[in-house]
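This report describes selected structural features of one protein chain. The sequence and the model are shown first, and the description follows.

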Amino acid sequence: MSSYDGSDSPATDSSLQEAPPEGSGPDFGTIKKSFEDCVANLQPYVDQCRDNYETRYAIWNGQSSDGRKHSREGSKIDPTPWDGASDLRVFLTDEAINAKVAMQCMAFRRANIVAIPVEGNDLKRAKTVSGFMRWLVQTQIPEIDREVELLANYVYEKGIGITGQFWEVVKEKTLATITLDQLQQQFPTMDVLMIIQIPDTAASMAAIFEEVYQCSNRKAKKMISELLATQETTVPVVGRERSRPVVRAFNLDENLFIPHFATDLETAPAIYRVQYFTAEQLRAFVLNEDWDEEWVEAAITTCRGRMLTIIPSEYTKTGSRAFSFLQTEFSTLIGVVYAYQRLSDEDGVPGVYLTIFHPDLPPDVSHMGYAKYGLLGYAHGKYPFVLHRREFLSRRLHDSRGIPEPGKPIQDQIKVHKDSRVDAASLAVLPPMVYPVGRPPGRWGAGARVPERRPGEYHFMDRPMPDNITENSEALLRDDFNQYNSFSSKGGDAQFALIKNQFETDKFMSSWAKAFGQIWSLYQQYGSEQVYFRVVGLRQLEPIEFNKGDQGEEFDFILSFRVDSMDTDASFQRLEQIAKIVATANRDGIVDYSEWLQVMIEAVDPTIAERILIPKEVGQEKAVKEIQDTLAKVYAGQDHDIKEGTPPEVGMSTIQNYIQSDPTVQARMQNKEDPFGMRIEKLMKQLEFQVTQQNNAQIGRMGA
């Protein structure tokens, strides 16, 4: 079972479940204590995460960069077996985590996304929503690939990870150039040039600039000076607003803290998110997210460089892989706690409330003790987080292991085997030397001349004989590790390993499906009413118009990926089976052959499919146009053949429509002396021959 341990007693402060009366804010002492208690009770889980980190990156006390054991000044114990012996770093669990992370990142990029309507059966709308969500997540969410990789690392190293789904509105100021002529047009009732030339009236114009452009008096006076000198000036203005969904990955020992007794996210009384910002970022939140300006300035003045928890965070983690962060580097950052609480108001109506505060910044005369407080406001009514868990050992949320926890004993044993072989090789190259007491040789090595009185006075001691047992033992240990973690192994069952990998991938995809549900809800609430998008992975000539629909429109999202699809041989075997079924059972014509062609080519190489495939409608229009051009040339008396690759069904229907819709063409077809009819018949026969070839190919595959 997991090494996680902790008290089962829940928080007893009932005020955590009651929202403050309307018009007032949260009690600072209560929310500070609940946050600190939550972090303190999670210390056993945090300790296990630290052990996992050190196991993955092969970190231990007294480690040397040269891979050797060295005696330390003041140490009472000499290195074993000797000073300078091997002390290799073995990255067995790190290799396994990297492989699993690569598998899940690949699965996320290639996953099939299907939207299923919760109510109704509008399949066309569902297909459009599926394509839109793929486009939205892969192209409009910043750094999505980074966050997926971070999440996979958290899941396999620590056993659990969280993604947060938020909606971000960003307003940034840009520098705009304003000319004197533009100002005159903006203020047509004034003579702007005359006003700014007179000192008394120039002061009034500076006040107007302050109000219109929201700038300081100093900046307004500088604008007037520049206008007088060059007839133009610059002023910062609020640029185009960016409104978009944001996804962030969090771990549960540094970034996000959930009470230790929680069994799932939605029943947790509170979730605490810890983040550090620069002063510039905090001031931007005043403009973009309506933070209290007085609180922000107080936090910048008094809270810079203060740690929010007793846990070594990612900014001050010591004993890291090859570097360590100094406290002085952290001194420019200001910590912020986002407290998400599920509270009930005076009428008993529950909701998710957000309080942004700093534990060391209580209220005073200038601010209320928090940067922002109120209902979160997301229409889905849930915490903006989704749990991604590697395994379920119990109902408690933190009770899940990463790969390093069960893998550490085997990694340590393999390290012993590797060190022993290096030490044995050292003894083989230079065994201990024996010489008479008090008479060490002046020189020892290749070509050295050492005089002796009696034979054998100077000699090497017998070295250990080569030991093949350690190599076999190490191979067995590695094989056991691979089998346990569903990698290829000599003694393992390949089919069972595939089942385990598919099980892990399905779990990863199902948790992402929940995240997609929150992203869709946020887009419905805050997104544009109408947007144009192109289908990701298909060269779409014309963008698709998407309307976000009614606010209450709900979809369940399913993400699926077959792990064995990365095996080319297995993929082709499945495609052959499907091809046989399609060839014999598609009696009602329900198979979309354009989609089937795309699936077959993507199985070989998705990048090639993206380059050579065009949308079905575009392809049919192109084929019809080419047939019509050929018919026009035939009508003019030229002899032409059907272009290679023309869809025969499209070609025959186009020719038939051409003949039936024009009486002149029909008359020429009936005139046996006119070669026009023979040329048309030749085209039809060429198309019929293509159909026969396709049928023969299917019959050949079926053997009947």
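## Helix 8 and a contact across the sequence

A203 is a residue of helix 8, which spans residues 199-213. The model is predicted, and in it A203 has a relative accessibility of 49%, so the residue counts as partly exposed. Its C-alpha atom lies 7.9 Å from that of K221, although the two residues are 18 positions apart in sequence.

A second pair of this kind involves S488 and L498. These residues are ten apart along the chain, and their C-alpha atoms are separated by 9.3 Å. S488 belongs to the loop that runs between helix 14 (468-484) and helix 15 (494-526). With a relative accessible area of 71%, S488 is exposed, because the cut-off for that class is over 50%.

## Salt bridges

Side chains of opposite charge can pair when their charged atoms come close. In this model the count comes to 27 salt bridges. One of them joins the side chains of D94 and R56, with an N to O distance of 2.8 Å. Because D94 lies in helix 3 and R56 in helix 2, the pair ties together parts that are 38 residues apart in sequence. D94 and R56 are both buried. These two residues also belong to a network of salt bridges that links R56, D94, E157, K158 and D253.

Two further pairs may be described. The side chains of D674 and R668 meet in a salt bridge at 2.7 Å, N to O, and D674 and R668 are both buried. R562 forms a salt bridge with D564, where the closest N and O atoms are 2.9 Å apart. The partners in this pair fall into separate accessibility classes: R562 has a relative accessible area of 46% and is therefore partly exposed, whereas D564, with 14%, is buried.

## Internal cavities

Rolling a probe the size of a water molecule over the atoms shows where empty space is left. The structure contains two cavities of 30 Å³ or more. The volume of the largest cavity is about 40 Å³.

The lining of the largest cavity consists of F108, A111, I113, R134, V137, Q138, F516 and L559. By character, these lining residues comprise six nonpolar, one polar and one charged. Helix 4, residues 123-140, supplies the largest share of the lining, with three residues.

## A nonpolar surface patch

Which residues form a nonpolar patch on the surface? The patch is made up of V429, L430, W444 and F460, and together these residues have about 400 Å² of accessible area.

V429 is part of helix 13, which covers residues 404-429. The relative accessibility of V429 is 71%, so this residue counts as exposed.

## Backbone geometry

A cis peptide bond is present between T80 and P81, with omega at about 0 degrees. P81 is located in the loop between helix 2 (43-56) and helix 3 (92-110). Helix 2 and helix 3 are also the elements in which R56 and D94, respectively, are found.

Positive phi values occur at two residues described here that are not glycines. For E143, phi is about 60 degrees; this residue is placed in the loop between helix 4 and helix 5 (144-158). E143 has a relative accessibility of 47% and therefore counts as partly exposed. For Q231, phi is about 65 degrees, and the residue sits in the loop between helix 9 (217-230) and strand 4 (232-238). At 48% relative accessibility, Q231 likewise counts as partly exposed.

## Features by region

The features above can be gathered by element. Helix 4 contributes three residues to the lining of the largest cavity, and the loop between helix 4 and helix 5 holds E143, a residue with a positive phi of about 60 degrees. Helix 2 and helix 3 are tied together by the pair of R56 and D94, and the loop between these helices contains P81, whose peptide bond with T80 is cis.

Terms used. Residues numbered from 1 in each chain as written. Predicted model: local features only at pLDDT ≥ 70, side-chain atom pairs only at ≥ 80, totals over all residues. Heavy atoms only, no water. 1 Å grid on protein atoms, 1.4 Å probe; cavity = no way out; pocket = protein on both sides within 12 Å on 5 of 7 lines; lining within 4 Å. Points joined across faces, edges and corners; volume = space filled by probe spheres on them. Helix = DSSP H or I, 4+ residues; strand = E, 2+ residues; numbered from the N terminus. Nonpolar A, V, L, I, M, F, W, Y, C, P; charged D, E, K, R; others polar. Patch = residues over 30% accessible without salt bridge, like charges linked within 9 Å, V, L, I, M, F, W, Y side chains within 5 Å. Areas by Shrake-Rupley, 256 points an atom, 1.4 Å probe, with all protein chains shown as cover. Salt bridge = Lys/Arg side-chain N within 4 Å of Asp/Glu carboxyl O. Buried < 20%, exposed > 50% of the residue type's maximum accessible area, 1.4 Å probe, protein only.
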